Amino acid sequence: MPITGRNKNLLEESILNRKIVRIRYKKEDKEFKKPKPFGRKERGDIVVRNLEPYEIDENYFWGYDVTLGLRNNDKIKRFKLDNIRTVTVINRNFSPRTFS
């Protein structure tokens with residue numbers, strides 16, 4: 001399901017205005033090879049993430065996950081645009097992070 005124009009515009013505006021966004025995102029399906037001899041397939045869940053938005057292109061959106069209770073390891077995560085279901089701009093500014 002392609003991202004809506006409205007959701008893409010909200011992401012672009014939040015990058016420009018440095019506003020945190022909340023997205024509902026469908027994770028990709030995963031196929032596990034273990035435990036042997038039978039693998040299992042896990043269907044992608046819908047997850048909610050609060051993100052500091054950094055970049056967007058034709059296929060992907062990048063943001064730093066600030067969702068409470070998650071360990072981020074100081075990494076920016078990549079999200080496939082077509083898997084983003086909803087975008088909400090949270091009225092909270094952020095300062096861009098520096099990564100080494």
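Contact here means heavy atoms within 4.5 Å. Keep that cut-off in mind for the packing described at several stops below. The model on screen is predicted.

**Whole chain**

Start with the full protein in cartoon view. Its secondary structure comes to one helix and seven strands, and the order along the sequence is α-β-β-β-β-β-β-β. Of the 100 residues in the protein, 34% are buried. Take the contacts between residues at least 6 apart in sequence: 56% of them join residues at least 24 apart.

**Helix α1**

Select residues 5–17, which form α1. The end C-alpha atoms of this helix are 18 Å apart, and this agrees with the 18 Å that 13 residues should span at 1.5 Å a residue. Next, show the side chains of N7, K8, L10, L11, S14 and I15, which are buried in α1. Looking down the axis of α1, you will find its buried residues within an arc of 160°, so they line one face of the helix. Their packing partners are β1, β4, β5 (60–65) and β7. Turn to the other side of α1 for R6 and L16, which are exposed. Then step just past the helix to R18, where phi is positive, at about 50°.

**The largest nonpolar core**

Which residues have the most contacts inside the largest nonpolar core? Select L11, I23, F61 and I84; the core they belong to has 15 residues. Two or more residues of this core come from each of α1, β1 (19–26), β4 (46–56) and β7 (84–93).

Centre on L11. Setting aside residues up to four places away in sequence, L11 touches I3, V21, I23, I56, F61, L81, I84 and V87. Another core, of five residues, lies apart from the largest one, and I20, Y64, I90 and F94 are among its members.

**Strand β1 and its partners**

Move to I23, in strand β1. Is I23 buried or exposed? Its relative accessibility is 0%, so I23 counts as buried. Beyond its neighbours within four places in sequence, I23 is in contact with L11, V47, V48, R49, L51, F79, I84, T86 and V87. Add R85 to the selection: 62 residues separate I23 and R85 along the chain, yet their C-alpha atoms are 7.2 Å apart.

Now display the backbone of β1 with that of β7. These two strands pair in the antiparallel sense over six bridges, and V21 stands opposite V89 in β7. Swap β7 for β4: β1 and β4 also run antiparallel, joined by six bridges. Here K26 has I46 of β4 as its bridge partner.

**E52 in strand β4**

Finish at E52, a residue of strand β4. With a relative accessibility of 6%, E52 counts as buried, because the cut-off for buried is under 20%. Show the side chain of Y54 as well; a polar contact of 3.1 Å joins it to the side chain of E52. What else does E52 touch, not counting residues up to four places away in sequence? Select I20, W62, G63, Y64, V66, F94 and R97. I20, Y64 and F94 in that selection are also among the members of the five-residue core visited earlier.

Terms used. Residues are numbered from 1 along each chain as its sequence is written. This is a predicted model: local features need pLDDT of at least 70, side-chain atom pairs count only at pLDDT 80 or more; totals for chains, interfaces and linings use all residues. Side-chain values use heavy atoms; hydrogens and water are left out. A nonpolar core is a set of buried Ala, Val, Leu, Ile, Met, Phe, Trp, Tyr and Cys residues joined through side-chain atoms within 4.5 Å. Buried means under 20% relative accessible area, exposed over 50%, partly exposed in between (1.4 Å probe, protein chains only). Helices (H or I, at least four residues) and strands (E, at least two) are DSSP runs, numbered from the N terminus. A polar contact is a pair of N or O atoms within 3.5 Å; within protein, one must be able to donate a hydrogen and the other to accept it, and residues adjacent in sequence count only if both atoms are side-chain atoms. The expected span of a helix is 1.5 Å times one less than its number of residues. The arc is that of the directions from the helix axis to the C-beta atoms. Two strands pair if DSSP finds at least two bridges between them.
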